[in-house]
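Here are my notes for you on this one. Have a look at the structure first, then read on.

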Amino acid sequence: MSAGRYAFVRRRLVQLPFLVLGITIITFLLLRLIPGNPALVILGNHYTAAGARQVNDALGLNKPLLAQYGQFMSRLFHGNLGYSFFYAEGARTVIGQHIYPTLFVILYAAVLAACIAIPIGVISGMRRNGWFDQGARVFFTVAFAMPSFWLGLILVLVFSVHIDVFPIDGYGKGFGGHLYYLFLPALTLALPYSTVLVRSLRASVISVSRADFVDTARIKGIPTWRVLTHHIVRNAIVTVVSVFGVNLAYLVGGTVLIENVFSLPGLGSLLVSSVSTRDYPVVQGVTLVFALGIVLVNLITDVVHAMLDPRAATGSGD
Amino acid sequence: MSDVADGAPLLEVRDLRTLIPTSRGTVRAVDGVSFDVRLGEVLGLVGESGSGKSVTCRSIMGLMPPGAARISGEVYYRPPGASPAEAERNVLTLSREQRRRLWGAELSMVFQDPMTALNPVVRIGKQVIEAVASHSDLSRSDAEARAVELLDRVGIPSAKRRMDDYPHQFSGGMMQRALIAIALASNPRILFADEPTTSLDVVIQDQILDLLLELQRDLGMSVVLVSHDMSVISEICDRVLVMYAGQVVEATETDRLLGVPSHPYTVALLRSLPQFVTGTRFLPSIAGAPPDMTRVGDGCRFAPRCPLVEDACRTWNTELLAVPGAPVPHLSRCRRQEAVPSMGKVPVPQEVG
Amino acid sequence: MTVASEVPGLMLDIGDEAGVGRKGRLWRRRGLLIGLTMLVVALVVTIGAPLFAKDTPTAFDALHPLAKPFSTGHLLGTDQYGRDILSRVLYGGRVDLAIAFGATSVTLVFGSIVGLVAGYFGGWVDTVLMRIVDLFFAFPFFVLVIAIVAVLGPSTFNMFIAIWLTSWVSYARIMRAQTVVTRRQQYVLAARALGYGRLRIIFRHILPNVVTAVLVFSMVDAMGNIILAASLSFLGLGVQAPAPEWGAMISDGQNYLLTSWWLALIPGVAIVWVGIGFSLIGDGLADVLRPGGE
């Protein structure tokens, strides 16, 4: 019976390879955008003819474009993301070493955002235009206009320096340590993200609570909290799931900045440092990883959406 | 038609008024409505959209959006076996919690559009079980069995299998049946049915009406049927209240209403029914439009559209008058009742104002 | 970077629900006015920086490094080189506001054209264009922008290029969705039945109705672009020292957070000021431009 439900997810899966292909093309082309002589740019002061040849071989810059792409793709299939000039080892290894903190912060931020957004969104929606709703709206308008790195610095100033509840930077050891050290960074990411979630949830709750089935539910004589959870929120959450997934790109972008502010050894820091050291293969590799990660998350979001809304199967697709 | 029981009023509504503030002014959606619902009867509420019939039911039930309306008046619910204290308490003043206890077990409601009246993301079975479980202590399996029983009772084939379906997998008629099952799960004494057949096609309409009548007889409950369609009302109702612009303009038994209507609006309503139109290819409509509900005041509200109107009508402080010589109670809010039977010879105004 | 949700209207949804009745509308109008005022103030002081600022943004006051706000001659204090913060904020605002207007307007026009074409002509044109758009959406915007700036080399101008290359897709999506809906409306069908030329239909019938959503979104986008520029400069990938820019100033201030916190705080306030201004204008526009009033 649930076969039909996941029909459109299957459609997404079919589209997947093309999407991935497109991503690889763009990522590949990225490197070809380098103005001038890439080897010169990469090696800088250490430029030697021999070194230049090495670079050109490694990047395959001597071959025609299509062959370059072919080389790129075949390497990709073998899990080879290129060679990091700076770290003098495979880009994949370097990336692998940096991926965990980033994952942790992003997930942490997503969870925090949900914890913040759900109660606030529901209350704002149920008591719309009340003082809570208006206050929340003002708060979030301001929060949304704040650059995340600035917000992070303020939080550090208040909570790490003056009140000294949280550590200034660093990553901590062990799961509990991570939770503690990464709370501020995750919160910084979560707040602007919550803004979009709250707005969406609020609108969703407002429109759902006007529906007839809410009255039908009340008419049964069930307790109000049950009407709220099983009927109103249960339906309102469906649209929010899409919004959640679509805006996840924001979290990824934000983590780059947050890792800088809080000195976290994650992919974001790696990206930035690689840019300054002109370590292009790493830049390319990180971009690729991020993009594929987002594609994966979007897929998961779609599945969750289908699970929550049985009508999603009936081919309305996007 | 059902057998009218001993006539003890189960529900008494006195001077119900519902005022809805809007940006354009305060809408007097229900303006002084009084009626009784008797044990075991089927009562019809008929009128155009905006006449206040739905709002009346929702106000009585307590389903108006919080803060959206100011409701005044008295509503007494007197089930057999109620204590004197319960019988004299105004339902409109009950707390949320007290009202919740009435919902489902004593008073219930079925809404117009089955598509939006069912939770789209929860299985039908669960929704029915929820209704069953809210006023009883049955075990899970017992509640489930009862739910299947209910679905079966309302005429859903393969009820047990259908429990696992989602609303969008049901047809319109089946959804409405499921809604009725939900409404009846805890054996309420009064069922308000707000346009239950309006979004269904004609064949299904009849089936649903028959079902309602059947259930009403078997369970001995009272039904308040709201509709804008006189033919629906005339099919199963014992008594009818005709509403216009927030007021009751005529009230009597159905047969009498159809035979001896005593208000010009009722006549116009009847005239627009296919089965009552003879000798013409065109369905007469009622010229003009209902009054602006933010600006009604004294005077007959139907006056602008009434073929029997006199100057005095516009300033008359309307009230329901007993129709003289009627074999059953018959009220009409027209001061020219005696002229109404002659309307058969007065042409209905045709052009639009 | 703009947070582009699937249903752009959802983000600026405040207008719809809160605006029940006259009171809500009034708030929206007031918000619009406040937002415009805030923006105008920002524009005036930054464009007219020479009038308001005491020094040029790169002038050193070697005698008073890290001066506190309200100290001698420096209303907002000085940074570690003795440069007047107020002057740097005012001059720095020029870049950020230039991005807000310059980058946004280009992406708005380009993206809208793409969306309009895709939505109006449909068929394979639509499919191809939208597939490209989807592709861009698969990347986290910020990362893409960083990557582009990385390969082109960090500079103010390259920031513009990076934004131009990536931000147009949001507009394309919005425009296309609106166009598709509008195209099916009665009045467009009527125009076609009357034999009006394509161009005329597009410009005189479809465009006025689809412009609303795009304009409203552009306000949020402008705010996002400022934050984007500030973020890039914060990372050292945008405006290069010693040119002033709000994000870069915050980065400078990071090292002095414990003692001279105003270095990092003040430029952020400027960003938030402008951001709220755009936000309010966006909400106000959404309400004012809504067809049919309340």
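The points below go through a chain-to-chain contact, a helix and a pair of domains.

1. Before anything else, keep in mind that this is a predicted model.

2. Start with where chains C and A meet. Here 43 residues of chain C are in contact with 49 residues of chain A. On the chain C side, several helices supply at least two residues each, among them H1 (8–11), H6 (123–138), H10 (198–234) and H12 (262–288). Which helix gives the most to this side? That's H7(C), with eight residues. Sorted by class, the side of chain C that touches chain A has 32 nonpolar residues, eight polar ones and three charged ones.

3. Now hop over to chain B and find helix H1, residues 53–61. Eight of its nine residues are buried, so the helix is largely enclosed by the rest of the structure. The buried set includes B:Lys53 and B:Arg58, along with B:Val55, B:Ile60 and B:Met61. Just after H1(B) comes B:Gly62, with a positive phi of about 90 degrees.

4. Chain B is also worth viewing by domain: the assignment gives domain 1 (11–237) and domain 2 (243–275 + 284–343). Taken over C-alpha atoms, their centres are 28 Å apart.

5. How do those two domains of chain B touch? Contacts link 24 residues of domain 1 with 17 residues of domain 2. On the domain 1 side, strand S2 (25–38), strand S3 (42–46) and helix H10 (230–236) of chain B each give two or more residues. S2(B) has the largest share, 10 residues. By class, that side of domain 1 divides into nine nonpolar, 10 polar and five charged residues.

Key. Residues are numbered from 1 along each chain as its sequence is written. Chains are lettered from A and ligands numbered from 1 in the order in which they are written. This is a predicted model: local features need pLDDT of at least 70, side-chain atom pairs count only at pLDDT 80 or more; totals for chains, interfaces and linings use all residues. Two residues are in contact if their C-beta atoms, placed from the backbone, lie within 7 Å. Helices (H or I, at least four residues) and strands (E, at least two) are DSSP runs, numbered from the N terminus. Ala, Val, Leu, Ile, Met, Phe, Trp, Tyr, Cys and Pro count as nonpolar, Asp, Glu, Lys and Arg as charged, and the others, Gly among them, as polar. A residue is buried if 20 or more other C-beta atoms lie within 10 Å of its own, exposed if 12 or fewer, and partly exposed in between; C-beta atoms are placed from the backbone. Domain bounds come from an automatic or database domain assignment.
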